[in-house]
Amino acid sequence: MTPTDSPTAHSTPEPLDAAWAAFDRAVEQASGLSIAGLFQAEPERLQRLRVDAAGLHLDLSKQALTAEGLDAALALARAADVEGARGRLFEGFAMNSSEDRAVLHPALRAATGAGFAAKGEPVSGEVELTRARMKVLADAIRSGEVRGATGERFRAIVHIGIGGSDLGPRLLWDALRPLDAPFELRFAANVDGADMLAALHGLDADTTFVVIVSKTFTTLETLANAHVARAWLVQSLGEAGAGAHLAAVSAAPGKTESFGIAPDRVFAFADWVGGRFSIWSAVGLSCAIALGFETFHAFLDGAAAMDEHFTYAPLERNAPVLMALAEVWNRNGLGRPMRAVVPYARRLALLPAFLQQLEMESNGKRVTREGSRVLRATAPTVFGDAGTNGQHAFFQLLHQGTDVIPVDLVLAAEGDGTAGMHAKLLANGIAQAEALMIGRPEADVRAELEAQGKDPAEIDALAPQRTFPGGRPTTTIVVPRVDAASLGAMLALYEHKVFVEGVLWGINSFDQWGVELGKTLAMRVLDELEGGEAGPHDLSTAALIARFRAPTGQASGVSPGS
Ligand code: F6P
């Protein structure tokens, strides 16, 4: 088999069908069992469902997965040839089959000399060269060796990009920014003019460095914002001066040149880096400048440690594999349509947004790599917020709503701030997981209401409302602290989880055709809003366009008529 061969040639369908059937039987056998009860019934439960990986501690024991269910899920992973697919991913096969591309984000965080190859072509040398160039620029800007056109030191960085060119750097900065950061790092993603206005507000062009990040360098939002930023620089510094304040990160260096970025300020990455897997590449440049290259490198090292674990740990002790199996149990076994992510760390508040793209863009698919309809549900909807904030918003539904929504909780062993604060934060996270699992039986509530002297009719009305059904599964991820290495390891953990799920579902986790149609139609609608010929639309769409359409010869985008 050559590296360009289909990654789907992994197993015959029969053992896979049989493994799914055995999985379904295990789900059925588990029906009616409470998660809390499983701790009594399964003496090995904690040992089997807790694992340490790359400095993280993962506790899946509060999932509804039974011992037999785990065995069946592991057999399913073997039947789907997760190990073979993992090997092919790291060996640079075209795992992104619809675009015939390798998927090699682990190469971006591997130690020097790793020797990765994409479809047989060596890539690590180029990766290391770009990394070295990032370090040179980051160090030089931080030390003041590289300055702006007027000789001033840079004090602010504006990062322009969207989706995978935004969410990772934004999370990294928010998680790791020092309170007394020597640089201000701002982000502009949306094509909403308010985003760019806010990003530039109060900044001085003399001391501002702009990094434009786009894999394709064709993204409407990013190009629109990049033009605004460039014009803002040119206004103060002139054409010649503006160039010293600009850098671009892209897999399309030809297009960055046409935009006017000097080639020595262009940081390239290859097409085998998916947008949502690109934080490890030069996409992290603005963070490398603002946080320092050592911090960025520690982030890469954390992820590399998780790559190592994912590659070598046996499936039954493999953290990303176990997380994927728990998700498949919830999604396919128990029909859970959503998953919440609640980091008990304010600095990880953007983790749910990052995971929404990683998980839903990767695995929100309804057909297999071969183009046939998937027989099983794929990615759940992911949402969340930092704890404890989320407790005061959507936790009511998690505890008592009609849907059971599994939750990932992230706890940091060491926290920030005043003594005593962190214990309160941790206590909340731990208690929520316990409450979701054990619930509160109606009999307890009734006894309490009786003791309060309530009459029977009142008790009948109140008791069900105060009852917690329990049985709501959680996974707890413990990081030693919110630092570069643990964030790197955790994001890599989720990346590999997503990959394993994609293998189990038989889908391509690395393309995103589903985002194209809306983009194409938006260009047509824009043309019409700006006075172009009206196209065929349904009545609702035509009415909306008419409402915003500029009279011929005038600019569009003003507020709608009544
Ligand atoms: O619209 C989806 C998407 O293509 C993402 O996959 C990607 O991360 C984002 O747009 C930004 O794309 P680019 O980096 O090419 O500007």
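Reader: Why is P352 called buried or exposed in this model?

Author: In this predicted model, P352 has a relative accessibility of 2%. Buried means under 20% relative accessible area, so P352 counts as buried.

Reader: Where is P352 found, and what separates P352 from V342?

Author: P352 is found in helix α15, which spans residues 351-363. V342 is ten residues apart from P352 along the chain, and the C-alpha atoms of the two are separated by 7.5 Å.

Reader: What makes D100 partly exposed?

Author: The relative accessible area of D100 is 39%. Buried means under 20% and exposed means over 50%, with partly exposed in between; D100 is therefore partly exposed. The residue D100 is placed in the loop between α5 and α6, the latter covering 105-109.

Reader: What is notable about the phi of D100, and which class of residue is it not?

Author: D100 has a positive phi of about 50°, although it is not a glycine. Most residues other than glycine have a negative phi. D81 also has a positive phi, of about 60°, and is not a glycine. The place of D81 is in the loop between α4 (67-79) and α5 (82-90).

Reader: What is the form of the peptide bond from G387 to T388?

Author: That bond, from G387 to T388, is cis, with omega near 10°. Most peptide bonds are trans. T388 lies in the loop that runs between β11 (381-384) and α16 (395-400).

Reader: How do you know that S165, E361 and K519 make polar contacts with the ligand?

Author: A polar contact is a pair of N or O atoms within 3.5 Å. A polar side-chain atom of S165 lies 2.7 Å from an oxygen atom of the ligand. For E361, a polar side-chain atom is 2.6 Å from a ligand oxygen atom, and for K519 the corresponding separation is 3.2 Å. Each of these values is within 3.5 Å, so the three pairs are polar contacts. The protein covers 87% of the 400 Å² of accessible area that the ligand has on its own.

Reader: Which residues come nearest to the ligand, and how is the shell composed by class?

Author: Of the 14 residues around the ligand, S165, S214, T216, T219 and E361 come nearest. By class, the shell around the ligand has two nonpolar, nine polar and three charged residues.

Reader: Which pocket corresponds to the space taken by the ligand?

Author: The ligand takes up the space of the largest pocket.

Methods:
Residues numbered from 1 in each chain as written. Predicted model: local features only at pLDDT ≥ 70, side-chain atom pairs only at ≥ 80, totals over all residues. Heavy atoms only, no water. Near = heavy atom within 4 Å. Polar contact = N/O pair within 3.5 Å; in protein donor to acceptor, adjacent residues only side chain to side chain. Areas by Shrake-Rupley, 256 points an atom, 1.4 Å probe, with all protein chains shown as cover. 1 Å grid on protein atoms, 1.4 Å probe; cavity = no way out; pocket = protein on both sides within 12 Å on 5 of 7 lines; lining within 4 Å. Sits in = over half its atoms within 2 Å of the grid points. Nonpolar A, V, L, I, M, F, W, Y, C, P; charged D, E, K, R; others polar. Helix = DSSP H or I, 4+ residues; strand = E, 2+ residues; numbered from the N terminus. Buried < 20%, exposed > 50% of the residue type's maximum accessible area, 1.4 Å probe, protein only.
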